[in-house]
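Hello,

Here is the structure I promised to pass on. Have a look at it first, and my notes follow below.

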Amino acid sequence: MNDFYNNAVKRINNIDPSIYSKVTMKNWKSFRSKGEYRSDAVLIGEHFRRVGELLQYISKNSTHFIISLAELITNDVMEFNSEKFEELFPNIKECECYLISRICLCYVHWSILLDSDEPISKKYPDMYEPLIKLIERGGGQMSLHHGEIDGGFGGFPRLIYADRGNLKATNISDQALNQIIKEVEHAEECLVKYKNDGRSEYTCIRCGKKLHIHPNVTDWGYQWYKIICETEDCYNDNLS
Ligand SMILES: [Zn+2]
C-alpha cells in the first residue's frame with residue numbers, strides 16, 4: 001500500500017504551472033493581492049509551527065527551511081532524489097521556482113516515510129499540508145534571499161526553531177484562508193471610500209460591529225491608515 005505516496009503524486013501532478021508562468025522578474029512580489037499574500041503568510045507561519053512541534057518531539061533546537069524533514073528524522077538520504085522527481089513532475093519543472101520543487105520533493109519524502117509506517121511521521125502525517133496548500137493556491141513563488149524566505153508576503157527566516165511549536169495551531173481550511181482574503185479586500189474597499197469622501201466608520205465583516213479608519217503619518221511623512229474593529233482582538237490592519 002502506497003496510499004500517501006500515491007496521493008502526493010496526484011496532488012503534485014495537479015499543480016498548474018500556468019499560475020507561475022505569469023510571474024516575471026518585475027512583478028514577483030506583487031502578482032497576488034494583499035489579501036492573498038496575507039493568507040500565504042498564515043500558511044507559512046503554520047508550517048513553522050508544525051516543524052517547531054516536530055523539533056521539540058525529536059529534541060532538536062532548529063532546522064533549515066529547505067531540509068527534507070524525512071531525511072532529518074531518519075538521518076538518511078532518501079532514494080527518491082531530484083532527478084527522479086523532475087522525471088515524474090514536468091509541470092513542477094515548468095514552474096521554474098527552486099523552492100516549489102524542493103518543497104514538493106520533501107513532501108514526497110514524507111509520504112514515503114508514512115507509507116513505510118515510520119512512527120514519527122505517523123505522529124505528524126500532515127506535516128507538509130500548509131506548504132503544499134500554499135503552492136496549490138498559487139502562493140508558492142518565493143526565493144531564498146539574504147538569509148530569508150522572501151516573497152510578496154514579506155520575509156520569514158531560513159532557520160526554524162523548536163519554540164515555534166509553542167504557538168497555537170492556525171485554521172488553514174480553504175474557508176478560513178478565503179475569509180482572510182475577503183477581510184483584507186473589504187478593508188481596502190473601505191479605505192478607497194474613505195479617501196474619496198472622508199467617511200471613517202464602516203462595518204466589520206468578521207463580527208458585524210464598527211470598523212474605524214484612522215489616518216496616520218510617519219515622522220518621515222509617509223501616509224498610512226489603521227483599520228481597526230471596535231471589538232477587542234478583532235480585525236486590525238495597517239494599510240497605505
Ligand atoms: Zn470585528
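Let me start with helix H10 (residues 174–197), which lies across E6, E7, E8 and E9 and runs at about 55° to E9. Helices (H or I, at least four residues) and strands (E, at least two) are DSSP runs, numbered from the N terminus. Axes are lines fitted to C-alpha atoms, for helices over the stretch in contact (C-beta atoms, placed from the backbone, within 7 Å), with angles from 0 to 180 degrees between N-to-C directions.

Please note that this is a predicted model: local features need pLDDT of at least 70, side-chain atom pairs count only at pLDDT 80 or more, and totals for chains, interfaces and linings use all residues. Residues are numbered from 1 along each chain as its sequence is written.

Beneath these notes on H10 comes the sheet. Its four strands form an open, antiparallel sheet in the order E6-E7-E8-E9, where two strands pair if DSSP finds at least two bridges between them. Strand E6 (201–203) and strand E9 (236–239) are the edges, each pairing on one side only, and the twist averages 25° from one strand to the next. Strands E7 (residues 210–217) and E8 (residues 223–229) are joined by seven bridges; Pro 215 has Tyr 225 in E8 as its bridge partner.

As for the whole protein chain, it has ten helices and nine strands. It is divided into domain 1 (3–172) and domain 2 (186–239), with bounds from an automatic or database domain assignment. The C-alpha centres of the two domains lie 34 Å apart.

Best wishes

How values were computed:
Two residues are in contact if their C-beta atoms, placed from the backbone, lie within 7 Å.
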